[in-house]
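Student: I have a new structure open and no idea where to start. Can you walk me through it?

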Amino acid sequence: SFEGQASGWLASNPEKSPLSQAGLRYIPQFTLDEELAEGWNSDLELALNAYATANLAKGQSPRYDGTVKAYRGWFRVSSRTFEARIGLQKLSFGSATMLRPLMWFDTIDPRDPLQMTDGVYGLLPRYYFLNNANLWLWGLYGNDERKGWELTPTKQSSVEFGGRIQTPLSSGEGAISYHHREADLSRLTSPSDTLTGPYARENRIGLDGKWDVGPGVWFEAAIIHLETDLAAMRYQRQWTLGADYRFDIGNGLSVLAEYMRFENTSRLFATAEGIGFSALSLTYSFGLVDRLSGILYYDWTNAQWYRMVTWNRTYDDWTLYLQGFWNPEIIRLYQNQASNNPFAGTGIRFMLVFNH
């Protein structure tokens with residue numbers, strides 16, 4: 001089968017220009033499914049990301065950007081309880097929604113209507129037990145750009161590996177995750193002269209769980225150990241607490257809230273100053289085609305608010321989005337996204353999306 005998604009958008013940031021950004025994107029996707037034997041199937045997905053943008057600012061020459069690159073390209077063999085996928089793929093997991101310590105391999109922004117994220121190259125086998133537990137293993141290669149929350153990219157031509165076990169726990173589920181890689185410290189934004197070598201081994205351990213106790217409640221936490229002489233980078237501690245509930249108001253008002261804490265320290269259990277973020281999401285549907293949502297972040301360390309309101313109308317193949325945002329000029333959320341963040345400052349954005 002062949003399908004695709006075309007989108008175009010216009011943004012206005014009055015402080016920069018009445019028309020601050022215009023863009024077009026097309027993602028063609030080809031899939032092939034084939035039965036191998038009784039109980040065994042194979043499938044293939046190939047997708048490209050082709051986009052072009054123009055950025056305008058008062059008193060400056062227009063800046064243009066565009067490319068065509070691989071977006072997904074994987075092959076999978078699967079049965080009722082097992083699957084193995086190899087190639088360029090999305091690798092994402094965890095219980096948190098907006099502030100995610102386990103955002104290890106993606107850069108999904110909850111405010112992005114298209115939920116775009118680059119994939120990673122690797123092998124991902126998964127086994128599903130009869131009690132709904134599941135086991136993930138992965139090996140990655142050729143991913144030498146920063147991913148997720150990474151402060152430094154991975155050493156070129158090196159192998160990363162890890163795994164995850166998820167199991168039912170009472171009225172919900174819990175999981176533990178692990179990842180190992182070799183970080184390239186020579187590609188830090190400001191390399192330090194005190195480094196004894198350009199590379200350092202890094203190990204990550206993550207815990208997460210989610211339960212339905214009336215409202216949904218969850219937690220997500222990660223500890224990252226980097227074997228380096230840079231004391232402030234040896235350990236990263238991240239954790240998130242969250243809850244959501246759907247109120248019986250009109251067609252139903254969905255409310256979600258999370259708090260995340262991020263700390264760097266020289267010792268695992270040492271006290272440290274860190275960064276704290278709160279997030280609140282409200283969503284209300286007006287009938288079958290219209291939905292209004294609002295997302296609010298607060299940076300407790302820098303005393304800054306991030307605000308976004310989105311209205312969207314959905315037809316069979318078309319979706320219209322109108323977004324208004326009021327944010328700091330320097331975005332400290334999701335720091336590994338493109339430096340030209342479309343939600344920096346104050347403005348509005350209109351987007352039209354066609355799926356075929």
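Tutor: Start with Arg126. Arg126 is buried, because its relative accessible area is 12%. Keep in mind that this is a predicted model.

Student: What does Arg126 form a salt bridge with?

Tutor: With Glu83. The closest N and O atoms of the two are 2.7 Å apart.

Student: Is Glu83 buried or exposed?

Tutor: Buried. Its relative accessible area is 7%, and the cut-off for buried is under 20%.

Student: Where do the two sit in the chain?

Tutor: Glu83 is in strand S5 and Arg126 is in strand S6. They are 43 residues apart, so the pair links distant parts of the chain.

Student: How do S5 and S6 run?

Tutor: Antiparallel, with eight bridges joining S5 to S6 (residues 120-128). For one facing pair, look at Leu88, which stands opposite Tyr121 in S6.

Student: And what joins S4 to S5?

Tutor: Six bridges. S4 covers residues 63-78 and S5 covers residues 82-89, and they run antiparallel. The two strands form a hairpin, with three residues between them. Arg76 stands opposite Arg85 in S5.

Student: Back to salt bridges. How many does the structure hold?

Tutor: It holds 18. Lys147 and Glu160 form one of them, with their closest N and O atoms 3.3 Å apart. Lys147 lies in the loop between S7 and S8, while Glu160 is in strand S8, so the pair ties together parts that are 13 residues apart in sequence. Both Lys147 and Glu160 are buried.

Student: Which residues are linked with them in a network?

Tutor: Glu150, Arg181, Glu202 and Arg204. Together with Lys147 and Glu160, they are linked by salt bridges.

Student: What about Arg164 and Asp208, how do they meet?

Tutor: In a salt bridge between their side chains, at 2.8 Å from N to O. That pair also links distant parts of the chain: Arg164 is in strand S8, Asp208 is in strand S10, and 44 residues separate them. Arg164 and Asp208 are both buried.

Student: Why can such side chains pair at all?

Tutor: Because side chains of opposite charge can pair when their charged atoms come close.

Student: New topic. Which residues touch the most other members in the largest nonpolar core?

Tutor: Met98, Leu99, Tyr297, Tyr306 and Leu333, out of 20 residues in that core. Strands S13 (253-265), S14 (274-286), S15 (290-299) and S16 (304-314) each supply at least two residues of this core. S13 gives the most, with three residues. Another core lies apart from it, with 11 residues, including Leu102, Val120, Trp138 and Ala222.

Student: What polar contacts does Glu263 make?

Tutor: Its side chain makes one with the side chain of Arg237, at 2.7 Å. Another contact, of 3.3 Å, joins the side chains of Glu263 and Arg261. Glu263 lies in strand S13. Glu263 is buried, with a relative accessible area of 12%.

Student: Now the outside. Which residues make the nonpolar surface patch?

Tutor: Among them are Tyr127, Phe129, Leu135, Tyr141, Phe161, Ile176 and Leu207. The patch is about 1000 Å². Strands S7 (134-141), S8 (159-169), S9 (172-184) and S10 (199-212) each supply at least two of its residues.

Student: Where is Ile176, and how does it count for accessibility?

Tutor: Ile176 is in strand S9. Ile176 counts as partly exposed because its relative accessibility is 41%.

Methods:
Residues numbered from 1 in each chain as written. Predicted model: local features only at pLDDT ≥ 70, side-chain atom pairs only at ≥ 80, totals over all residues. Heavy atoms only, no water. Patch = residues over 30% accessible without salt bridge, like charges linked within 9 Å, V, L, I, M, F, W, Y side chains within 5 Å. Areas by Shrake-Rupley, 256 points an atom, 1.4 Å probe, with all protein chains shown as cover. Salt bridge = Lys/Arg side-chain N within 4 Å of Asp/Glu carboxyl O. Helix = DSSP H or I, 4+ residues; strand = E, 2+ residues; numbered from the N terminus. Buried < 20%, exposed > 50% of the residue type's maximum accessible area, 1.4 Å probe, protein only. Core = buried A, V, L, I, M, F, W, Y, C linked by side-chain atoms within 4.5 Å. Pairing = 2+ DSSP bridges. Polar contact = N/O pair within 3.5 Å; in protein donor to acceptor, adjacent residues only side chain to side chain.
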